[in-house]
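Subject: The structure to look through

Hi there,

Here is the structure I promised to hand over. Please open it next to this email and follow along as you read.

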Amino acid sequence: MKKEVNKIAKKSSESAERNETWANSNLLKKAKRLVLDRFEAQQPQCIFGENGICCKNCFSGPCRIIPGKADYGVCGATADVIVARNLLRHAGAGATCHTDHAKETVLALYEIAEGRASGYRIKDKDKLLLFAKKLGIKTSGRPIKAIARDLVYEILEDFRRQQGLFIKKEGTYLNWLRIRATKERIKTWAKLGILPVNADAETSHILHQTTMGCDADPVDLLLSVLRIGLVDGYSGLTLATDIQDIIFGTPMPVKSEANLGVLKEDYVNIVVHGHVPILSEKIVEWAKKLNNTAKRVGAKGINVVGVCCTGIEVLMRQGIPIAGHVLQQEMAIATGVCDLMVVDLQCIYPSVANVAQCYHTKIVTTIDYVRIPGAIHIPFEVDKADETAKKIVKLAVDNFKNRKKNKIFIPKEKAEVWAGFSVEAIIEALKKVNSKDPLKPLVHAIKSGDIYGVVGIVGCRNPKVWEMKFHEELTKLLIKRNILVVGTGCWAHAAAQEGLLMPEATEKYAGPRLKKVLKAVGQVNGLPALPPALHMGSCVDNGRIGVLLGMLADYMKVPIPMLPVSCSAPEYMAEKAVAIASFFLALGLAVHINPVPPVTGSKLVTKVLTKDLEEITGGKVLLAETPEKAAKAIIAHIRKKRKELGLRV
Ligand code: BF8
């Protein structure tokens, strides 16, 4: 075993020197390789866990399935049951991250509507009115805040509706799904009996369903995975994005920079990290207001940069530079110039507080249920947003003097990034080509094969596969084959750092036909070309991908599963990614997932996900462990779809 660990350690340290784009070897040498070292210390990882055949749901266990020796857990659960139950729990946990996020944003809108959150306004009134009308709320002649309050009531119904929950009632399901999903998909989900009724009840229900002695039917458990996917898709992702757009504005294309090189030695550096823009938007605002205060302590000003999805939120709407993806969060501290890292929720390594102890960095937690020993906790509430943000920014300024000069090393790497490609931004860009019928040129390009297909690449960066540069290589392979890539989350950090999210990348990497389209659309929009990979936002912005696909399907008058499109989460790590993948599978997409998800311990679950599901929702899981194999599988799927639609292959 020791030999094996050494082999992996050697392989990874060689890779660390190879992959300089984000893992600067000098920085890693100085900081002892952080997450990569901890990953190596965990080798070899548990094979039962990797195959999904470990059950810890009761205390007769933990049980694990050893084919031919122990085919059943103590209670008699088979590998199929254990794998399906585990998958459902992962999806449920992931969905709660997004539904909590969405609900807190909705409650912030409520406080704004009630006049108790004076630091915020409703920026996208048109979007608010659009959804209000769709939900049958009277809008004409009413103050915007009154309409917002009624909208919140309708949304909260999706978190408290009881009717139809246990006694089936036809036509009772999530309001947000009703107004955001296509009619065809709703019909399909209704037939399958998976339309969710109440987001919170559904996610708590699956804890019960998967407990010892409840559901022992793997197929039924997998149907629940799809239901949770819909909870995630509509009461999590799409809802969070829509309400954030209402409060902070719908993103439009914006240029900025990406990678650790965005940190500046002579500025007070504040890193915003986590997922929720409610806090980070205020930090950005107060950093501007207190810029002169920073000058009084000898800095040139205040430099706010982002990590993970909070970083992306403020990039999308404010053009704030992004310092890095999930694996770079500690590296930002190890530069020695991070004066303060303020975090909200999700994907925050507890280790940031340990790393900060080696430097002068202050870590500030802000959410009641996200605490880290060693961090300063400053509770953030929307009604006191301004005073809290001001306090946090001042703390950073005061800490500038504590820098340890001999510990400073900022990697030079950084790249230009274009972000802000919301669905509305894409439509606006297309309107410059055809103002009356903006989707027409896009659909025409898809039909003619100039755009061979559209692929969403999403999700995390995973230390298991980081040396492959899976995100970057897969993106390059697809755009070379004239496939337009859209994406979100840590993919966007990786793609940006590789220089794939800027107009110049089109000339360098796109296939000739895609290049022609992107240049044409870019040039009427004042750019040499649109980037070949469009940054659609943070992980919750995967809802934008769902909306875009729905619009394309409606325009082409075909169900979503018939579109020449696909998705990939090539380095997924978080349970949230399982929930997102479940949403995409319910939408009817072929979803490439890597590393291989913990389902291979069950032949039945693996078969349902990779084959049978295609007959059920139209979706299926694609397994491929290298960028080349993934590109091949995705392109084959798109070719099949084009053939079925009678398009050129
Ligand atoms: O929600 S992509 S590592 S940062 S989970 Fe986390 Fe994964 Fe990054 Fe944002 Ni998404």
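A polar contact is a pair of N or O atoms within 3.5 Å. With that in mind, look at K576: one of its polar side-chain atoms lies 3.2 Å from an oxygen atom of the ligand. H275 does something similar, with a polar side-chain atom 2.7 Å from an oxygen atom of the ligand. Please keep in mind throughout that this is a predicted model.

**Around the ligand**

Which residues surround the ligand? They are H275, C308, C309, V326, C347, G459, C460, C490, C539, M573, A574 and K576. Sorted by type, this shell has nine nonpolar residues, two polar ones and one charged one. Domain 2 (260-407) and domain 3 (422-645) both contribute residues to the shell, so the ligand lies between these two domains.

Now zoom in on the nickel atom of the ligand. Its only protein donor is C539, through the SG atom, at 2.2 Å. To find C539 in your viewer, go to the loop between β13 (533-537) and α24 (542-556). Why is the arrangement around the nickel atom called irregular? The four donor atoms subtend angles of 93 to 150 degrees, and this range makes the arrangement irregular. For comparison, four donors count as tetrahedral if all angles lie between 85 and 135 degrees.

**C308 and its helix**

C308, one of the residues around the ligand, is worth a second look. C308 belongs to helix α14 (residues 308-318). Its phi is near 55 degrees, which is a positive value in a residue other than glycine. Is C308 buried or exposed? It is buried, with a relative accessible area of 1%.

The rest of helix α14 fits this picture. Ten of its eleven residues are buried, so the helix is largely enclosed by the rest of the structure. Among these buried residues are C308 and C309, both of which also belong to the ligand's surroundings. The buried set also includes E313 and R317. Just after the helix comes G319, which has a positive phi near 70 degrees.

**Other backbone details**

Another positive phi belongs to N259, at about 110 degrees, although this residue is not a glycine. N259 sits in the loop between β3 (254-258) and β4 (268-274). It is buried too, with a relative accessible area of 2%.

Which residues does a cis peptide bond join near the beginning of the numbering? G61 and P62 are joined this way, with omega at about 5 degrees. P62 is placed in the loop between β1 (54-55) and β2 (63-64). A further cis peptide bond runs from N594 to P595, where omega is near -5 degrees. You will find P595 in the loop between β15 (590-593) and α26 (603-616).

**Buried residues to visit**

Here are a few more places to click on.

- T335 is in the loop between α15 (329-334) and β7 (338-343). It is buried, with a relative accessible area of 0%, and its side chain reaches the backbone nitrogen of V337 at 3.3 Å.
- N462 lies in the loop between β11 (453-457) and α20 (470-480). This residue is buried at a relative accessible area of 8%. Its side chain reaches the backbone oxygen of Y572 at 2.8 Å.
- N399 is part of helix α17 (residues 385-399). It is buried, with a relative accessible area of 1%. N399 and N269 are 130 residues apart in sequence, and their C-alpha atoms are 10.0 Å apart in space.
- L589 is in the loop between α25 (575-587) and β15. This residue is buried, at a relative accessible area of 1%. The C-alpha atoms of L589 and V337 are separated by 43 Å, and the two residues are 252 apart along the chain.

If you would like a place to begin, select C539 and the nickel atom of the ligand, which are 2.2 Å apart at the SG atom. From there, bring up H275 and K576, whose polar side-chain atoms lie 2.7 Å and 3.2 Å from oxygen atoms of the ligand.

Happy exploring, and best wishes!

Conventions. Residues numbered from 1 in each chain as written. Predicted model: local features only at pLDDT ≥ 70, side-chain atom pairs only at ≥ 80, totals over all residues. Heavy atoms only, no water. Donors = N, O, S within 2.8 Å, 3.2 Å for Na, K, Ca; no water. Tetrahedral: all angles 85-135°; square planar, octahedral: opposite > 155°, others 65-115°. Helix = DSSP H or I, 4+ residues; strand = E, 2+ residues; numbered from the N terminus. Near = heavy atom within 4 Å. Polar contact = N/O pair within 3.5 Å; in protein donor to acceptor, adjacent residues only side chain to side chain. Nonpolar A, V, L, I, M, F, W, Y, C, P; charged D, E, K, R; others polar. Domains from an automatic or database assignment. Buried < 20%, exposed > 50% of the residue type's maximum accessible area, 1.4 Å probe, protein only.
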